[in-house]
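Good morning, and thank you for making time for this short presentation. I would ask you to keep the structure in view while I go through it.

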Amino acid sequence: IAPGMIVTPRIPLTPERIEAAKQGLVPMKRRGETDEIGKAVLFLASDASSWITGQTYPVNGGFTFSL
């Protein structure tokens with residue numbers, strides 16, 4: 001899992017990065033939340049992903065598509 005702009009108590013985003021997300025660098029126009037990363041982990045740990053191997057999942061609000 002390759003997380004995008006996620007705010008955590010340990011690594012806060014700067015106001016400039018949050019503003020960049022709002023300006024359209026992140027198509028969803030918001031920062032990610034830690035539970036959104038957790039949901040991706042939960043999916044990959046479940047039987048629903050039993051046929052998935054060797055992949056990288058960008059959980060980043062579409063940021064990689066906007067570059």
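**From the C-terminal segment to the whole chain**

I begin with G61, which touches V26, P27 and M28 when residues up to four places away in sequence are left aside. This is a predicted model, and that should be kept in mind throughout. For one of these partners I can give a distance: the C-alpha atoms of G61 and P27 are separated by 6.3 Å, although the two residues stand 34 residues apart along the chain. G61 itself belongs to the segment after β2. Its relative accessibility is 26%, so G61 counts as partly exposed.

In that segment after β2 we also find N60. Is N60 buried or exposed? With a relative accessibility of 13%, N60 falls under the 20% limit and therefore counts as buried. Not counting residues up to four places away in sequence, N60 touches G4 and V26. V26 thus appears in both contact lists, that of N60 and that of G61. The side chain of N60 also has a polar atom that lies 3.0 Å from the backbone nitrogen of G62.

Moving back along the chain, we come to P58, which lies in strand β2, residues 58-59. P58 counts as partly exposed because its relative accessibility is 42%, and the partly exposed class runs between 20% and 50%. Which residues does P58 touch, leaving out those up to four places away in sequence? They are A2 and T64. The C-alpha atoms of P58 and P3 are 5.9 Å apart, with their positions 55 residues apart along the chain.

Let me now place these residues in the overall architecture. The protein chain has two helices and two strands, and along the sequence they follow the pattern β-α-α-β. Of the contacts with a separation of 6 or more, 63% are made by residues 24 or more positions apart. Buried residues make up 15% of the 67 residues. The accessible surface comes to about 5200 Å², and 61% of that area belongs to carbon and sulfur atoms.

How confident is the predictor? The protein chain averages a pLDDT of 83, and 82% of the residues score at least 70. Where is confidence lowest, and where is it highest? The lowest mean, 70, is in helix α1, residues 15-25, while the highest, 95, is in helix α2, residues 34-45.

Helix α2 deserves a moment of its own. The structure holds one salt bridge, and it is formed by the side chains of D35 and K39, at 3.7 Å from N to O. Both residues lie in helix α2, four residues apart, which is about one turn of the helix. As for their exposure, D35 has a relative accessible area of 43% and is therefore partly exposed. K39, at 54% relative accessibility, passes the 50% limit and so counts as exposed.

E33 has its place in the loop between α1 and α2. Its relative accessible area is 32%, so E33 is partly exposed. From C-alpha to C-alpha, E33 and G4 are 9.7 Å apart in space, and 29 residues apart in sequence.

On the other side of the helix in sequence, S49 is found in the loop between α2 and β2. Why is S49 classed as buried? Its relative accessible area is 6%, so it lies under the 20% limit. Beyond residues up to four places away in sequence, S49 touches F43 and L44.

F43 and L44 bring me to the surface. Together with I1, V41 and I52, they form a nonpolar patch with about 360 Å² of accessible area. One member of the patch, I1, is found in the segment before β1. I1 is partly exposed because its relative accessibility is 38%.

To close, I return to three points. The chain runs in the pattern β-α-α-β. The salt bridge joins D35 and K39. The buried N60 and the partly exposed G61 both touch V26. Thank you; I welcome your comments.

Technical notes
Residues are numbered from 1 along each chain as its sequence is written. This is a predicted model: local features need pLDDT of at least 70, side-chain atom pairs count only at pLDDT 80 or more; totals for chains, interfaces and linings use all residues. Side-chain values use heavy atoms; hydrogens and water are left out. Buried means under 20% relative accessible area, exposed over 50%, partly exposed in between (1.4 Å probe, protein chains only). Contact means heavy atoms within 4.5 Å. Accessible areas come from the Shrake-Rupley method with a 1.4 Å probe; for residues, only the protein chains shown count as cover. A polar contact is a pair of N or O atoms within 3.5 Å; within protein, one must be able to donate a hydrogen and the other to accept it, and residues adjacent in sequence count only if both atoms are side-chain atoms. pLDDT is the predictor's confidence in each residue, from 0 to 100. Patches are made of residues with over 30% relative accessible area and no salt bridge: like charges are joined within 9 Å, nonpolar side chains (Val, Leu, Ile, Met, Phe, Trp, Tyr) within 5 Å. A salt bridge is a side-chain nitrogen of Lys or Arg within 4 Å of a carboxyl oxygen of Asp or Glu.
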